[in-house]
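Work through the exercises below with the coordinates open. Try each task before reading its solution.

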Amino acid sequence: MGRINLKDLETLLPGVEVRPAGPDLAVDGRPPAAVAFPRNREEVAALLRLAWGRELGVSPRGGGVYTHLGNPPRRLDLVVVTTGLDRVVEYEPADLTAVLEAGLTLARVQEILGRNNQFLPLDPPCPERATLGGILAAHQSGPLRLGYGTARDIVIGIKAVLADGTLIKSGGKVVKNVAGYDLNKLFIGSLGTVGVIVEAAFKVYPRPQAWGTAVGRFKASEAAWDAVWRLRRSVFEPVALELLGGSLGPGLSAGGWRLYARYAGYGPAVARQVRETCAIFGAAGGEAESLPDAEEAFWPALRDLPVTWGPAWGVGAVIKAGMLPTRVPQFIPAAEAAFGGRGLAWGWVVRAGVGLAYGYLEAPDRPTLAAAVEAARAAARELGGYLVVERADPDLKAALDVWGPIGPELELMRRIKAEFDPKGILNPGRFVGGI
């Protein structure tokens, strides 16, 4: 480790499991020297106090599902695995609130809440492995964000350990809480660079009685977008609206474009919305039908795709572009025009109601792929949007900035990082602007 050896860790942190780190804990090819497994927030604080004193590079880790996000770390000495923080601190079904430790997996939380016909309306990739802390730090969401929002909408309080080992709290455990600064949003999406989330309080929701999905198949993207706007102007409110096109791998690839509208609620009402949505898709020129097995097959596969996808040939990358929803129909053909002639294959998953387009790119070599990503980024910026690289191998990341240009707000972000972690020990270099 250079600054401390394993024996020092064991001596200075009695009771905390510490062991040499294997290659499975490497982040973008950079292995740490040691890994620690704290069981509570006090042990997390002790680990960070030690790291602070020795200026060790620390990477917080839950289930390890989202470690592909961000730039490679500038340095990495110690991984702190938070899966041992797996308690339900407080759960009040009548109040629709739950206080949960960060090491709980989302699948386990849904199982616990499901006993009272409640759930967290989060559907990020791989919930059976993803921990609450990892989901919040990476600000991961899925198709349900259209109907329920993101983690920032349902988290009402957070406890976190700062880089120097200080435990802080923001928000509370009731929905109507206005005490203090709303630091929850600072930690959500910070990729573990300003603190380690150890506990969070959530609003929970009644579990829908029924789910239903309508799918429309369109030969041209123009007809598919016409169906999107027709549905958005109607009285119907799907909880997810996903537009798929191109090459996405087994089970999800098909010719043309496919538009999936998902509904949740009272059984007869859901059935009616599916029928009426099929009629809307048909009026836009599509072949439409209900998809009875969507909950068991389609939606889990689509939810997990950002993590499970891999290139069938050559090298691959997953990109995410964000902009006003009305500009996505212009962005996709502009990006595809930029890809043309480069020997690429691609597929799209568009969150049609929220203005996000995920591209799954395959190229013959890394220079070609890097040039294609930059061309797509330029197309997004022309439309007032942004583009980040969500997944790529370390060599491709070395050839481009996964975050892209940030703008004047970067200086404020650097000041916040300097305030919360002046020694730069938490995931150094992984966030925007090398923070």
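The exercises that follow concern a predicted model.

**Exercise 1. Domains**

Task: State how the protein chain is divided into domains, and find what distance separates the centres of domain 1 and domain 3.

Solution.
- Step 1: List the bounds. Domain 1 covers 6-83, domain 2 covers 92-206, domain 3 covers 216-296 and domain 4 covers 309-419.
- Step 2: Take the centres over C-alpha atoms. Those of domain 1 and domain 3 are 44 Å apart.

**Exercise 2. An open sheet**

Task: Give the order of the five strands in the open sheet that contains S5, and say which strands stand at its edges.

Solution.
- Step 1: Follow the pairing across the sheet. The order is S5-S6-S10-S8-S9, with antiparallel pairing.
- Step 2: Look for strands with a single partner. These are S5 (88-92) and S9 (167-171), so each has one side without a neighbour in the sheet.
- Step 3: Check the twist. From one strand to the next, the average is 10°.
- Step 4: Zoom in on one pair. S8 (residues 155-161) and S10 (residues 196-203) are antiparallel and share six bridges. Within this pair, isoleucine 158 has alanine 200 of S10 as its bridge partner.

**Exercise 3. An enclosed strand**

Task: Decide how far strand S13 is enclosed by the rest of the structure, then identify strands joined to S13 by bridges.

Solution.
- Step 1: Count buried residues. S13 spans residues 240-246, and six of its seven residues are buried, so the strand is largely enclosed.
- Step 2: Take strand S14 (residues 257-265). Six bridges link S14 to S13, and the two run antiparallel. Alanine 240 faces arginine 262 of S14 across the pairing.
- Step 3: Take strand S17 (residues 345-351). S17 is also antiparallel to S13, with five bridges. Here glycine 245 stands opposite tryptophan 348.

**Exercise 4. Cysteines**

Task: Count the disulfides, then classify cysteine 126 and cysteine 278 as buried or exposed.

Solution.
- Step 1: Search for sulfur pairs within 2.5 Å. The structure has zero disulfides.
- Step 2: Apply the cut-off for burial, under 20% relative accessible area. Cysteine 126 is at 3%, so this residue is buried. Cysteine 278 is at 15%, so this one is buried as well.

**Exercise 5. Two loop residues**

Task: Describe the surroundings of serine 141 and aspartate 77.

Solution.
- Step 1: Place serine 141. The residue sits in the loop between helix H4 (132-138) and helix H5 (145-148). Its relative accessibility is 13%, so serine 141 is buried.
- Step 2: List its partners. The serine 141 side chain makes a polar contact of 3.5 Å with the side chain of arginine 145. Beyond four places in sequence, serine 141 touches Asp123, Pro124, Pro125, Thr150 and Arg351.
- Step 3: Place aspartate 77. This residue is in the loop between strand S3 (58-61) and strand S4 (78-81). With 7% relative accessibility, aspartate 77 is buried too.
- Step 4: Find its polar partner. A polar atom of the aspartate 77 side chain is 2.7 Å from the backbone nitrogen of glycine 57.

**Exercise 6. Apart in sequence**

Task: Find which residues glycine 267 contacts, leaving aside neighbours within four places in sequence.

Solution.
- Step 1: Locate glycine 267. The residue belongs to helix H9 (residues 267-283).
- Step 2: List the contacts. They are Gln209 and Ala210.
- Step 3: Compare sequence and space. Glycine 267 and glutamine 209 are 58 residues apart along the chain, and their C-alpha atoms are separated by 6.2 Å.

Key
Residues are numbered from 1 along each chain as its sequence is written. This is a predicted model: local features need pLDDT of at least 70, side-chain atom pairs count only at pLDDT 80 or more; totals for chains, interfaces and linings use all residues. Side-chain values use heavy atoms; hydrogens and water are left out. Two strands pair if DSSP finds at least two bridges between them. Helices (H or I, at least four residues) and strands (E, at least two) are DSSP runs, numbered from the N terminus. Axes are lines fitted to C-alpha atoms, for helices over the stretch in contact, and angles run from 0 to 180 degrees between N-to-C directions. Buried means under 20% relative accessible area, exposed over 50%, partly exposed in between (1.4 Å probe, protein chains only). A polar contact is a pair of N or O atoms within 3.5 Å; within protein, one must be able to donate a hydrogen and the other to accept it, and residues adjacent in sequence count only if both atoms are side-chain atoms. Contact means heavy atoms within 4.5 Å. Domain bounds come from an automatic or database domain assignment.
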